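Please read the following report alongside the sequence and the 3D view. It covers strand pairing, overall dimensions, salt bridges and a few backbone and surface details.

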Amino acid sequence: LFFTNGMRMFNRNFTIMPNGDSLSGHYSSSSGSLIVPYPGHENQFYVFTTDCASCDENKGLRYSIVDISLDNGLGDVVSLAKNVFLMEKATEKVTAIRHSNQKDFWIISPKWGTDEYYIYYLNENGIYPPKIYHSGYICQSLLPNYPDYMDDGMGCIKASMDGNFVASCYYWSNKLMLLRFNNATGILFDSLLIDVGRVPYGVAFSP
């Protein structure tokens, strides 16, 4: 239907949508974009973007809404729902988990410079203010004078297919965090920090 690199939104003809330029993601972000269907809105999609963690002016976690019925069915970004702010100082990590009702979604993203994980609920009425979970481990730059080279904001976050677990990479600390998740209540719990011995960037769960 459409695709994005977090900075531009392209339609199925590989053309930038009329209002699809200047999104707030970044080409080098580990999870620069995430597309989720808007529950109850057949033609609309939420597109979440994260900026690079070490950018001087981190634009944070934001979302835009694409309506695929616009521009004669090729789709466009809704003008009043573009780069809508959710969280400042985002890491390069964002993932989605389907709600236990099999209709709605949870959007999870840790905040840079803190031990906080933000958990947003998305249903047919839109996105709600986040629940916040404290993991006990602060995601930060390890060498403040050289943030581009030593930043735990880099690395991916992924959820297991059953929605019961989340894994998050802390790139330069050589650590991986495993967390349990309740996809009915949107609660993270039982975080476990694992030293993997070398820089972790990508992560995945086996079905």
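E116 stands opposite H134 in β12. This pair belongs to the contact between β10 and strand β12 (residues 131–134), which run antiparallel and are joined by four bridges. Strands here are DSSP runs of E with at least two residues, helices are runs of H or I with at least four, and both are numbered from the N terminus. Two strands count as paired if DSSP finds at least two bridges between them.

The model is predicted: local features need pLDDT of at least 70, side-chain atom pairs count only at pLDDT 80 or more, and totals for chains, interfaces and linings use all residues. Residues are numbered from 1 along each chain as its sequence is written, and side-chain values use heavy atoms, with hydrogens and water left out.

**Strands β8 to β12**

Strand β10 (residues 116–123) is mostly covered, with seven of its eight residues buried. Buried means under 20% relative accessible area, exposed means over 50%, and partly exposed lies in between, for a 1.4 Å probe and protein chains only. Besides β12, β10 pairs with strand β11 (residues 126–127) in the antiparallel sense over two bridges. The bridge partner of L122 in β11 is I127, and a hairpin of two residues joins β10 to β11.

β10 also pairs with β9, again in the antiparallel sense, over six bridges. Here W106 stands opposite Y121 in β10. Five residues separate β9 and β10 in their hairpin, and G113 in the turn has a positive phi of about 80 degrees.

β9 in turn is joined to β8 by four bridges, and these two strands run antiparallel. T95 stands opposite I108 in β9. In a regular strand the side chains alternate between the two faces of the sheet. β8 shows this alternation: T95 and I97 point to one face and are buried, while A96 and R98 point to the other and are not. The hairpin of β8 and β9 has six residues between the strands.

**Positive phi outside glycine**

Q102, in the turn of that hairpin, has a positive phi of about 60 degrees although it is not a glycine. Q102 is found in the loop between β8 (95–98) and β9 (105–110) and is exposed, with a relative accessible area of 55%. F14 is another non-glycine residue with a positive phi, about 65 degrees. F14 lies in the loop between β2 (9–11) and β3 (33–37) and is exposed at 65% relative accessible area.

**Salt bridges**

Side chains of opposite charge can pair when their charged atoms come close. A salt bridge is taken as a side-chain nitrogen of Lys or Arg within 4 Å of a carboxyl oxygen of Asp or Glu. By this rule the count comes to four salt bridges, including those below.

| Pair | N to O distance |
|---|---|
| D21 and R8 | 3.4 Å |
| K59 and D51 | 3.9 Å |
| K111 and E88 | 3.6 Å |

In the K111 and E88 pair, the side chains meet at 3.6 Å, N to O. This pair links distant parts of the chain: K111 is in the loop between β9 and β10, and E88 is in the loop between β7 (84–87) and β8, 23 residues apart. K111 counts as buried at 14% relative accessibility, whereas E88 is partly exposed at 47%.

In the K59 and D51 pair, D51 is buried, with a relative accessible area of 1%, while K59 is partly exposed at 41%. In the D21 and R8 pair, D21 is partly exposed at 34%, and R8 is partly exposed with a relative accessible area of 34%.

**Overall dimensions and surface**

The secondary structure comes to one helix and 16 strands. With 207 residues, a compact globule would have a radius of gyration near 17 Å, and the protein's value of 17 Å agrees. That radius is taken over C-alpha atoms, and the globule rule is 2.2 Å times the number of residues to the power 0.38. The C-alpha trace spans about 50 × 40 × 30 Å along its principal axes. Of the 207 residues, 52% count as buried.

The protein exposes about 9,900 Å², of which carbon and sulfur atoms supply 52%. Accessible areas come from the Shrake-Rupley method with a 1.4 Å probe; for residues, only the protein chains shown count as cover.
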